[in-house]
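Please open the model in your viewer, with side chains available for display, and follow the selections below in order.

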Amino acid sequence: MKRSKKIVAALIALTAGGFLAISSTSVLASQPKTDMVDLSAWQGAISNLGYQNMKNSGVKAITIKATEGTFYKNPLLGQQTDTAVQSGMSINFYHFANFTTKAQAKKEAKYFVKAVESVTNQKNVVMVIDFEASKLAKLPIATNNRNVKAFNKVVKAAGYSKTDLYTNANWVDSYISMTSKNKGWLASYPTNPTGVRYAAANAWQWSSSYKFGGKTSSLDVSQMNNDYYLNS
């Protein structure tokens, strides 16, 4: 998600590694669906026409970066949210985690909630932890699980019942655990993406360089395995 720290590894023993560059005009056989796109300020302001083009291409949900740590709020959060809603797609939000302690997790959660509340009063959105910072891989899995639980407790206390965890597929069970409450949005970019992967997870992000309808902007696309990210 975060462009400077984009995760590109594949699930150990299950997927082939590699970086994918594919356009909607060069479709592979059984190519995964482009159900969901995630955005940050890196993509800039996207017009109604751009969102409509995505929707016409099968996108059902937009998940937008809201915050990072307790020091950054996406300056385009309001614009990206409003335009996605006007285009009739579901909206969700993610927070790039920096927390290494339980106390920090709680502070970041409050910061995240405040930012989301500033742009929408919807409570049925999915509130996602973007768990990919390299320093998190240096912590014991038990510590990371505890901190994620503390973060989500604050989010749910604010009225958001749907949480999830975005991470590299090969981090699962090594640095972080998936649970029934955080089934996961897993990133893995095989050289030749086809079919469905990680069926037990909520979604699979399979490319970070997809282009819709000849547009020049490269976007992150995911295939949803269920309707968890749909709320509109």
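Begin, in this predicted model, by selecting Ala 105, Glu 108, Ala 109, Phe 112, Val 113, Ala 115 and Val 116, which are the buried residues of helix α3. If you look down the axis of α3, these buried residues fall within an arc of 160 degrees, so they line one face of the helix.

Now select the whole of α3, residues 102-117, and check its length: the helix has 16 residues and reaches 23 Å from its first C-alpha to its last, close to the 22 Å expected at 1.5 Å a residue. Turn then to the face of α3 that points away from the buried side, where the exposed residues Lys 107, Lys 110 and Lys 114 are found. To see what covers the buried residues of α3, add the surrounding elements, including β3, β4 (72-73), α2, β5 (90-96), β6 (126-130) and α4 (141-157).

The next stop is helix α1, residues 48-56, in which Gly 50, Tyr 51 and Met 54 are buried. They lie on the same side of α1, because the arc they cover around the axis is only 95 degrees. On the other side of α1, select Leu 49 and Asn 56, both of which are exposed.

Which elements do the buried residues of α1 pack against? Display β2 (36-39), β3 (61-68), α2 (77-86) and β10 (219-224), since these are the elements that they pack against.

Finish just after α1 by selecting Gly 58, which follows the helix and has a positive phi, near 110 degrees.

Key:
Residues numbered from 1 in each chain as written. Predicted model: local features only at pLDDT ≥ 70, side-chain atom pairs only at ≥ 80, totals over all residues. Heavy atoms only, no water. Buried < 20%, exposed > 50% of the residue type's maximum accessible area, 1.4 Å probe, protein only. Helix = DSSP H or I, 4+ residues; strand = E, 2+ residues; numbered from the N terminus. Arc of directions from axis to C-beta. Contact = heavy atoms within 4.5 Å. Expected span 1.5 Å × (residues − 1).
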